[in-house]
Amino acid sequence: MLPLNPDLAATFRPPVMEARRWLEGASFPADRPLINVSQAAPVEPPPEGLRRAIAEASLTRAEAHLYGPVLGNPDLRAAVAAAFSTAYGAPLRAENVAITPGCNQAFCIAAASVAQRGDQVIVPVPWYFNHKMWLDMQGIEAVPLKCGPGMVPDPQAAAALITPRTRAILLVTPNNPSGAEYPAEVLRGFYDLARTRGLALIVDETYRDFDSRDTAPHGLFADPDWGEVLIQLYSFSKAYRLTGHRVGALVASDARQVQVEKLLDTLSICTAQLGQIGALWGMQNLQGWLAGERQEILRRRVAMERAVAGLDGWRLKGCGAYFAWVEHPFAEDSAALAQRLVHEAGVLLLPGTMFMPKGDPDGARHLRIAFANVDAAGIAALADRLRALAGRAIP
């Protein structure tokens with residue numbers, strides 16, 4: 001048998017792909033189609049104007065088919081820096097921005113730049129499974145940090161988990177999978193903790209465009225020494241429906257970007273040109289459209305909150321951006337329940353066990369509902385199907 005990296009072999013398989021396998025052999029009548037709330041990804045293509053911009057670039061710009069700068073196209077880097085400077089009320093430069101093939105790779109690069117095999121990264125649970133998978137593949141221990149009320153983690157609780165092997169704290173806000181929006185003071189608390197203990201603070205803001213707050217989610221960039229602590233991650237996939245083009249961003253100090261360039265050049269050489277061209281066009285032309293998308297997601301959030309409130313025994317633990325983290329009332333664990341939902345309710349969602357450490361009882365008690373791709377009527381239909389689900393409830 002050929003050699004196999006034991007860390008890779010020990011890493012669990014992609015959860016979304018596992019859930020899709022549950023559909024094999026299942027059928028859904030036309031009057032009761034599958035309600036798919038398993039994946040947080042837009043199901044429609046980008047607006048026509050953006051698609052036309054990509055098509056035109058493909059036909060008329062020779063450089064769109066060639067390698068580009070490793071850290072990303074200068075115009076897109078400058079646009080991100082300008083937009084984030086405005087959003088966060090602090091000066092950022094294009095040199096602080098790297099464009100990556102999606103935000104998942106941005107995280108992989110950030111983690112690889114701060115930690116090596118045997119190190120530790122503190123991660124609030126429930127965690128985003130791709131983050132856990134990458135850390136496992138690299139032999140980096142993900143140290144789970146339990147969240148408190150509202151699914152918000154506590155900096156003081158994190159402080160108790162720090163060891164000589166700790167290299168970073170990872171936060172995702174708005175959170176995947178819980179939907180929780182971390183208050184600015186909580187982020188400041190984690191930032192101060194990381195600074196005083198010599199750690200990196202990695203903040204994944206993939207869903208920042210759908211945050212319910214009209215003010216900046218944090219003021220960390222206002223610290224003139226932010227680059228000594230903070231690495232911020234962003235995705236264009238959700239904002240402009242560019243999932244298949246794989247465009248993300250990593251914001252860090254100039255010194256960190258030197259290391260990021262090494263990783264990017266080795267992993268991908270550069271982010272695809274057409275995706276970057278589309279992302280820039282979106283930033284320049286779709287801000288009004290994006291504001292409308294945000295309002296629709298916020299309406300769906302309200303619909304989700306109302307739907308769960310009307311379900312006996314169900315508890316909404318967190319809700320925001322694309323996600324609801326829900327405690328179910330049944331005696332069976334969430335992994336078994338999620339598979340039963342496919343056949344008995346025509347619903348595909350992910351069990352909490354995919355987002356928690358193995359054996360953690362909270363995983364068995366919870367489900368993640370990615371509601372962003374379901375309109376208000378679809379959310380109501382989802383609630384009706386959950387309400388009708390038979391099963392032995394916990395006393």
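Helices (H or I, at least four residues) and strands (E, at least two) are DSSP runs, numbered from the N terminus. The model is predicted, so local features need pLDDT of at least 70 and side-chain atom pairs count only at pLDDT 80 or more, while totals for chains, interfaces and linings use all residues. Residues are numbered from 1 along each chain as its sequence is written, and side-chain values use heavy atoms, with hydrogens and water left out.

**Exercise 1. Backbone geometry between α9 and β8**

Locate Arg241 and Arg246, describe the phi angle of each, and classify each as buried, partly exposed or exposed.

Solution.
1. Arg241 is placed in the loop that runs between α9 (237-240) and β8 (248-251). The loop between α9 and β8 also holds Arg246.
2. Arg241 is not a glycine, yet its phi is positive, at about 60 degrees. Arg246, likewise a residue other than glycine, has a positive phi near 55 degrees.
3. The accessibility classes are buried (under 20% relative accessible area), exposed (over 50%) and partly exposed (in between), with a 1.4 Å probe and protein chains only.
4. Arg241 has a relative accessibility of 17% and therefore counts as buried. Arg246 has a relative accessible area of 33% and is therefore partly exposed.

**Exercise 2. Cis peptide bonds**

Identify the cis peptide bonds that lead into Pro126 and Pro174, and place each proline in the secondary structure.

Solution.
1. Val125 and Pro126 are joined by a cis peptide bond with omega of about 5 degrees. Pro126 belongs to the loop between β3 (120-125) and α6 (129-137).
2. Between Thr173 and Pro174 the peptide bond is cis, and omega is near -10 degrees. Pro174 sits in the loop between β5 (166-172) and α8 (184-197).

**Exercise 3. The packing of α3 against α11**

Characterise the packing of α3 and α11 by angle and axis separation, by handedness, and by the residues in contact.

Solution.
1. Axes are lines fitted to C-alpha atoms, for helices over the stretch in contact, and angles run from 0 to 180 degrees between N-to-C directions. On this basis α3 (residues 48-60) and α11 (residues 273-285) pack at about 140 degrees, and their axes are 9 Å apart.
2. This angle makes α3 oblique to α11, because angles under 35 degrees count as roughly parallel, over 145 as roughly antiparallel, 65 to 115 as roughly perpendicular and the rest as oblique.
3. The crossing of α3 past α11 is right-handed; the term applies if the near helix is turned clockwise from the far one by less than a right angle, and left-handed applies if anticlockwise.
4. Contact (heavy atoms within 4.5 Å) involves Gly49, Leu50, Ala53, Ile54, Ala57 and Ser58 on the α3 side, and Leu274, Ile277, Gly278, Trp281 and Gly282 on the α11 side.
5. These residues comprise seven nonpolar, four polar and no charged. Here Ala, Val, Leu, Ile, Met, Phe, Trp, Tyr, Cys and Pro count as nonpolar, Asp, Glu, Lys and Arg as charged, and the others, Gly among them, as polar.

**Exercise 4. The packing of α12 against α15**

Repeat the analysis for α12 and α15.

Solution.
1. The axes of α12 (residues 287-309) and α15 (residues 376-388) come within 9 Å and cross at roughly 20 degrees. The angle therefore makes α12 roughly parallel to α15.
2. α12 passes α15 in a right-handed crossing.
3. From α12, the contact draws on Arg300, Ala303, Met304 and Ala307; from α15, it draws on Ala376, Ile379, Leu382 and Ala383.
4. The classes are seven nonpolar, no polar and one charged residues.

**Exercise 5. Surroundings of Glu141 and Arg365**

Describe the setting of Glu141 and of Arg365, including the polar contacts of Glu141.

Solution.
1. Glu141 belongs to strand β4 (residues 141-146), and at 35% relative accessibility this residue is partly exposed.
2. The C-alpha atoms of Glu141 and Val121 are separated by 6.3 Å, although the two residues are 20 apart along the chain. Neighbours within four places in sequence aside, Glu141 contacts Asp119, Gln120, Val121 and Arg165.
3. A polar contact is a pair of N or O atoms within 3.5 Å; within protein, one must be able to donate a hydrogen and the other to accept it, and residues adjacent in sequence count only if both atoms are side-chain atoms. The side chain of Glu141 makes such contacts with the side chains of Gln120 (2.9 Å) and Arg165 (3.1 Å).
4. Arg365 is in helix α14 (residues 361-365) and is buried, with a relative accessible area of 18%. A polar atom of the Arg365 side chain lies 2.9 Å from the backbone oxygen of Phe330.
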